[in-house]
Amino acid sequence: MTGVTGVTGVTGNGIPDEYLDGYARILAAVASTGRRLTRDELLARRELGERAAEAGFGLRALVGAHLAAARAHWPVTASSGTSTSTSGSADSVLAAIEQAVDAFAEGYERAQRLAVRQEVAARREFIDDLLYGRSDPGRLAERAERFGLRLSYEHVVAVAEGFVAYDEEDAVPRAVEQALIGRFGDRSVLLTTKAGRLVCIAPGDQGEVLAYFAKQAFAATDGGRVAIGRPRPGVGGVVQSYEEALNVLDLAERLDLDGPVLHAADLLVYPVLTRDRQAMTELVLSALGPLEAARGGAEPLIETLSVYFDAGCVAAEAARRLSLSVRALTYRLERIHKLTGADPADPVHRYTLQTAVIGARLMDWPAKSF
């Protein structure tokens, strides 16, 4: 077919003629017979639409090319060789144009939906490989650039956990992502979801991005908790920072840590304390095991110690937090001293008891036996 401009191969919209293949012939046949497009013709238009989408042409330009071609090649009647003028022939041709363009657009949109699904699948596969440390590091770094990440730099991972699980298509992740883009634009930040949580991966030198993410995530999740790992270099660094953030969320749950935003760098003492599990188990049993002989078991007295230490060893404040009188709190502390031989008010004994309480909470003792 000769293009609308008279240049063979390309229409006036810059669309190659191959995507209009057979279009003029269809219109001429419809004008002479008044028929509708056949099933094979509709299928051919859909396939051309798919090919045009895969080639990257815009739908607006493609529709414009079809309309321009219809105007330039308005069919003539088979009998007279003059332009169609009867209302029946004109209506048939217009109906055929509508059918052809609709089928073409259907194929185009089908190809686009497939491309979107493939892009989403590729993104999800990349995120899984990135956060779990799978795939070849070199290949993973190449794929990362497609999503705006340069893994040769340091990156930090922040994880936000709400009261319900989230998926990438949910309103909450979309709202947080739009807020980040609106505030910072394209800053090599990747926002996604994993295991129902919001995950933000950002360059390690852009703390303001993570702080804003934490603020937006806290608000969007109605008061959820955000954990931020430490900056780490390379592909493996993203995995480490992500795992640190998850560990912080676990610590916050076990220890009932205050604050909506927690940094792994501020909580390094806890992994140190639990690194030697056998030693920590022995400490907990040695320091707190005698409390199991108390009426009601060890749990109420361990909670008393935990609140007392969190209150800075101020009896009045600890009593208020426990909804006890100061006299009742003092009685509990004396009972702990008698059972364990360690005085919570003594600085020397206090450190041992506090470390043992932290270990008990981390290992969920005495609810779970060793």
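Which residues touch the most other members of the largest nonpolar core? In this predicted model, the core has 60 residues, and Phe 126, Leu 130, Leu 149, Ile 201 and Leu 288 are the ones in touch with the most other members. Helix 8 (residues 234-255) supplies the largest share of this core, nine residues. A second core, separate from that one, has 26 residues, including Ala 70, Ala 103, Phe 104 and Tyr 108. In soluble globular proteins, nonpolar side chains tend to be buried together.

Leu 149 shows what surrounds one such core residue. With neighbours within four places in sequence left aside, its contacts are Phe 126, Leu 130, Ala 144, His 155, Ser 188, Leu 190 and Ile 201.

**The hairpin of strands 2 and 3**

Leu 190, a contact of Leu 149, is also a residue of strand 2. Strand 2 (residues 190-194) is mostly covered, with five of its five residues buried. From this strand, Leu 190, Thr 192 and Lys 194 point one way, while Leu 191 and Thr 193 point the other way; all are buried.

Strand 2 pairs with strand 3 (residues 197-203) in the antiparallel sense, over five bridges. Within that pairing, Thr 193 has Leu 198 of strand 3 as its bridge partner. The two strands form a hairpin with two residues between them, and Ala 195 in the turn has a positive phi of about 55°.

**Salt bridges**

Side chains of opposite charge can pair when their charged atoms come close. The whole structure contains 13 salt bridges. Three of them are listed here.

| Pair | Closest N to O distance |
|---|---|
| Glu 50 and Arg 110 | 2.4 Å |
| Asp 128 and Lys 194 | 2.3 Å |
| Asp 250 and Arg 254 | 3.0 Å |

Glu 50 and Arg 110 form a salt bridge at 2.4 Å. Because Glu 50 lies in helix 2 (residues 39-55) and Arg 110 in helix 4, this pair ties together parts that are 60 residues apart in sequence. Glu 50 has a relative accessible area of 21% and is therefore partly exposed. Arg 110 also counts as partly exposed, at 35% relative accessibility.

Asp 128 and Lys 194 meet through their side chains in a salt bridge of 2.3 Å. This pair links distant parts of the chain, with Asp 128 in helix 4 and Lys 194 in strand 2, 66 residues apart. Both residues are buried. Asp 128 and Lys 194 also belong to a network of salt bridges that links them with Arg 124 and Glu 168.

Asp 250 and Arg 254 form a salt bridge at 3.0 Å. Both lie in helix 8, four residues apart, about one turn of the helix. Asp 250 is partly exposed at 39% relative accessibility, and Arg 254 is partly exposed with a relative accessible area of 35%.

Helix 4 (residues 87-132) also holds Ser 92. Is Ser 92 buried or exposed? At 17% relative accessibility, Ser 92 falls under the 20% cut-off and so counts as buried. Leaving aside neighbours within four places in sequence, Ser 92 is in contact with Val 30 and Gly 34.

**Helices 10 and 14**

Helix 10 (residues 277-288) has 12 residues, which at 1.5 Å a residue should span 16 Å; its end C-alpha atoms are 16 Å apart, in agreement. Its buried residues are Met 280, Thr 281, Val 284, Ala 287 and Leu 288. These cover an arc of only 150° around the axis, so they lie on the same side of helix 10. The face turned away from that buried side carries the exposed residues Gln 278 and Ser 286.

What do the buried residues of helix 10 pack against? Their partners are helix 9 (269-274), helix 11 (299-310), helix 13 (326-340) and helix 14 (347-362). Leu 288, buried in helix 10, is also one of the residues that touch the most other members of the largest nonpolar core.

Helix 14 has 16 residues and an expected span of 22 Å at 1.5 Å a residue; the end C-alpha atoms are 23 Å apart, which agrees. Its buried residues are Leu 353, Thr 355, Ala 356, Val 357, Ile 358, Gly 359, Ala 360 and Leu 362. Helix 8, helix 9, helix 10 and helix 11 are among the elements that cover them.

Technical notes:
Residues are numbered from 1 along each chain as its sequence is written. This is a predicted model: local features need pLDDT of at least 70, side-chain atom pairs count only at pLDDT 80 or more; totals for chains, interfaces and linings use all residues. Side-chain values use heavy atoms; hydrogens and water are left out. A nonpolar core is a set of buried Ala, Val, Leu, Ile, Met, Phe, Trp, Tyr and Cys residues joined through side-chain atoms within 4.5 Å. Buried means under 20% relative accessible area, exposed over 50%, partly exposed in between (1.4 Å probe, protein chains only). Contact means heavy atoms within 4.5 Å. Two strands pair if DSSP finds at least two bridges between them. The expected span of a helix is 1.5 Å times one less than its number of residues. The arc is that of the directions from the helix axis to the C-beta atoms. A salt bridge is a side-chain nitrogen of Lys or Arg within 4 Å of a carboxyl oxygen of Asp or Glu.
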